[in-house]
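This report introduces one structure to a reader who has not met it before. Please keep the sequence and the model in view while reading.

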Amino acid sequence: MSPPILLEIRDAVAHVTLNRPEQANVLNDEMSAAFMETVEALARACAQGQVRAVLLSAKGPHFCAGGDISGFVASDDLAGLMDQGIPPLHRAIHTLSTLPVPVVSAVNGSLGGGGIGVALCADLVLASSSMKLRGGYSAIGLSPDVGVSWVLTRLAGPMRAKHILFTNTPLTARQCLAAGLVLEIHEDDQLMPAAEKLARSLAAGATGALGRIKALVDQAAHHSLLDQLSREHHAMVVSGAGGEAGEGVRAFMEKRPPRFKQAR
């Protein structure tokens with residue numbers, strides 16, 4: 001049997017693929033363990049300079065239906081199951097969210113429960129026209145995990161996040177676009193080509209600068225303007241000291257495309 005998550009690095013883009021389509025890619029024990037191992041491998045590859053962008057996608061008609069409800073039913077200690085299983089998964093989602101390179105997700109079909117946290121933790125989210133998002137937690141008497149409450153609130157605002165999680169009303173791809181949950185919508189057969197093109201273009205960019213931009217934007221809501229100005233100052237000095245800035249400035253003056261992959 002093939003692994004539950006596939007990891008392949010091509011042209012400095014790490015392709016991460018959820019690979020249990022027959023189970024709607026649910027976050028059961030097997031998938032969660034593979035997710036953690038894959039994210040740890042990604043972090044090492046980023047630190048070694050092997051990965052400059054990440055593309056997250058899924059096999060089959062569903063991106064991720066969320067948690068494995070059949071496993072919840074089979075457990076005689078649901079609270080204990082949650083208490084043991086959630087912390088490692090949360091460490092993995094935090095690591096994935098804070099990788100120092102751009103993360104793109106290509107979301108097709110159904111997206112629910114914890115799958116929302118996996119898909120929307122990406123920096124840029126592309127969706128297929130068939131994509132449909134549903135909270136699902138409160139329908140079975142549970143509250144969110146995998147960062148779902150954080151990412152929905154951050155992207156869509158508190159009131160819309162509560163509506164999604166209170167009512168479990170499914171949102172179409174166009175409704176997700178209007179709510180700020182996804183960046184673009186593509187026809188099903190065009191989703192992966194568009195996502196791959198975007199990931200490749202990011203991998204060819206100034207990934208050191210992109211990593212600093214990512215950190216600044218992600219932290220902005222937690223700091224005062226004065227604090228953020230200080231952080232911008234520090235990041236600009238670090239950027240200016242690196243090879244990317246030198247290459248970018250020279251390329252601009254020479255009226256040629258920059259070669260950031262060679263810049264250090």
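The text below treats the sheet, the nonpolar cores, a pair of helices and two individual residues. The structure is a predicted model.

**The sheet**

Six strands form an open sheet in the order 1-2-3-5-7-10, and their pairing is mixed. Strand 1 (5-10) and strand 10 (184-186) occupy the edges; each has a single partner strand, so one side of each is left without a neighbour in the sheet. On average, neighbouring strands of this sheet are turned by 20° against each other, with direction ignored. Helix 1 (residues 29-47) packs on the sheet, where it touches strand 1, strand 2 (13-18) and strand 3 (53-58). The direction of helix 1 makes about 20° with that of strand 1.

Strand 7 (residues 124-128) runs parallel to strand 5 (residues 103-107), and four bridges join the two. Strand 7 also pairs with strand 10 in the parallel sense, over three bridges. Individual residue pairs from these two pairings are listed here.

| Residue | Opposite residue | Strand of the opposite residue |
|---|---|---|
| A106 | L126 | strand 7 |
| V107 | A127 | strand 7 |
| L126 | E184 | strand 10 |

L126 thus appears twice, standing opposite A106 and opposite E184. Is strand 7 mostly covered or mostly open? Strand 7 is mostly covered, since four of its five residues are buried. In a regular strand, side chains alternate between the two faces of the sheet.

**The nonpolar cores**

The largest nonpolar core holds 52 residues, of which F63, L133 and L181 touch the most other members. Helix 1 gives the most to this core, contributing seven residues. Another core, of 13 residues, lies apart from it and includes A53, L55, V104 and A194.

**Helix 5 and helix 6**

How do helix 5 (residues 148-156) and helix 6 (residues 158-167) cross, and at what angle? Their axes come within 7 Å and cross at roughly 135°. Angles over 145 degrees would count as roughly antiparallel, and helix 5 and helix 6 are therefore oblique to each other. The crossing of helix 5 past helix 6 is right-handed. On the side of helix 5, the residues that meet helix 6 are V148, S149, L152, T153 and A156. Their counterparts in helix 6 are P158, R160, A161, I164 and L165.

**Two individual residues**

T17 belongs to strand 2. With a relative accessible area of 13%, T17 is buried, because the cut-off for a buried residue is under 20%. Leaving aside neighbours within four places in sequence, T17 is in contact with P4, I5, L6, S57, A58 and K59.

M253 is found in helix 11 (residues 243-253). Its relative accessible area is 61%, so M253 is exposed, the cut-off for that class being over 50%. M253 and L78 lie 175 residues apart along the chain, and their C-alpha atoms are separated by 62 Å.

Key:
Residues numbered from 1 in each chain as written. Predicted model: local features only at pLDDT ≥ 70, side-chain atom pairs only at ≥ 80, totals over all residues. Heavy atoms only, no water. Pairing = 2+ DSSP bridges. Axes fitted to C-alpha atoms, helices over the stretch in contact; angles between N-to-C directions. Contact = heavy atoms within 4.5 Å. Core = buried A, V, L, I, M, F, W, Y, C linked by side-chain atoms within 4.5 Å. Buried < 20%, exposed > 50% of the residue type's maximum accessible area, 1.4 Å probe, protein only. Parallel < 35°, antiparallel > 145°, perpendicular 65-115°, else oblique. Left-handed = near helix turned anticlockwise from the far one by under 90°.
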